[in-house]
Amino acid sequence: MFASLHTATLATGRVQAVGSTSRLLTLVRAALAASRQRQILARLDDRTLADVGQTRAQAAAEAARPAWDLPGNWPNRWIA
């Protein structure tokens, strides 16, 4: 009985560890994607910014956000 409980605990621990690592990698990828998109936004010209409904100041403020500051709707889309 003890051996089966011990084995089950070890197996569960491995699954949780893999899940945590996978989630961490997903978060890192999402943060890097957000950072890349913000830098692209910052490089757009004023005409293109106006087309997407942003001002130069708004684009600069968005680009200044830290990489880990993800938009509120991203956890549902990116993070499983």
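**Notes on a four-helix predicted chain**

1. Let me start with a pair worth opening in your viewer: Asp 46 and Arg 56 join their side chains in a salt bridge, 3.0 Å from N to O. A salt bridge here is a side-chain nitrogen of Lys or Arg within 4 Å of a carboxyl oxygen of Asp or Glu. The two partners connect distant parts of the chain, with Asp 46 in helix 2 and Arg 56 in helix 3 (residues 56-63), 10 residues apart. Arg 56 counts as partly exposed because its relative accessibility is 36%; the classes used are buried for under 20% relative accessible area, exposed for over 50%, and partly exposed in between (1.4 Å probe, protein chains only).

2. A word on ground rules. This is a predicted model, in which local features need pLDDT of at least 70 and side-chain atom pairs count only at pLDDT 80 or more, while totals for chains, interfaces and linings use all residues. Residues are numbered from 1 along each chain as its sequence is written, and side-chain values use heavy atoms, with hydrogens and water left out.

3. On confidence, pLDDT is the predictor's own score for each residue, from 0 to 100. The chain has a mean of 79, and 68% of its residues reach 70 or more. Helix 2 (residues 46-51) has the highest confidence, at 96, and helix 4 (residues 74-78) the lowest, at a mean of 58. Where pLDDT is low, the predicted coordinates should not be read in detail.

4. The overall layout is quick to describe: four helices and zero strands, in the order α-α-α-α from the N terminus. Helices (H or I, at least four residues) and strands (E, at least two) are DSSP runs, numbered from the N terminus. Of the contacts with a separation of 6 or more, 68% are between residues 24 or more positions apart, a contact being heavy atoms within 4.5 Å.

5. Please look closely at Arg 38, in helix 1 (residues 2-43). Is Arg 38 buried or exposed? Arg 38 counts as buried because its relative accessibility is 4%. Beyond its neighbours within four places in sequence, Arg 38 is in contact with Glu 62, Ala 63, Arg 65, Pro 66, Ala 67, Asp 69, Leu 70 and Pro 71.

6. Several of those residues return in the charge pairing. Arg 38, Glu 62, Arg 65 and Asp 69 are linked in a network of salt bridges. Within this network, Arg 65 pairs with Glu 62, their closest N and O atoms being 3.1 Å apart, and Arg 65 also meets Asp 69, at 3.1 Å from N to O. Arg 65 is partly exposed at 26% relative accessibility, as are Glu 62 at 23% and Asp 69 at 30%. The total count is four salt bridges.

7. Ala 33 is another helix 1 residue, and it is buried, at 4% relative accessibility. The C-alpha atoms of Ala 33 and Leu 70 are separated by 9.7 Å, although the two are 37 residues apart along the chain.

8. Finally, the surface. Buried residues make up 16% of the 80 residues. The accessible surface is about 6100 Å², with 63% of it from carbon and sulfur atoms; areas come from the Shrake-Rupley method with a 1.4 Å probe, and for residues only the protein chains shown count as cover. Leu 24, Val 28 and Leu 32 form a nonpolar surface patch with about 270 Å² of accessible area together. Patches are made of residues with over 30% relative accessible area and no salt bridge, like charges being joined within 9 Å and nonpolar side chains (Val, Leu, Ile, Met, Phe, Trp, Tyr) within 5 Å. Val 28 lies in helix 1 and is partly exposed, at 41% relative accessibility.
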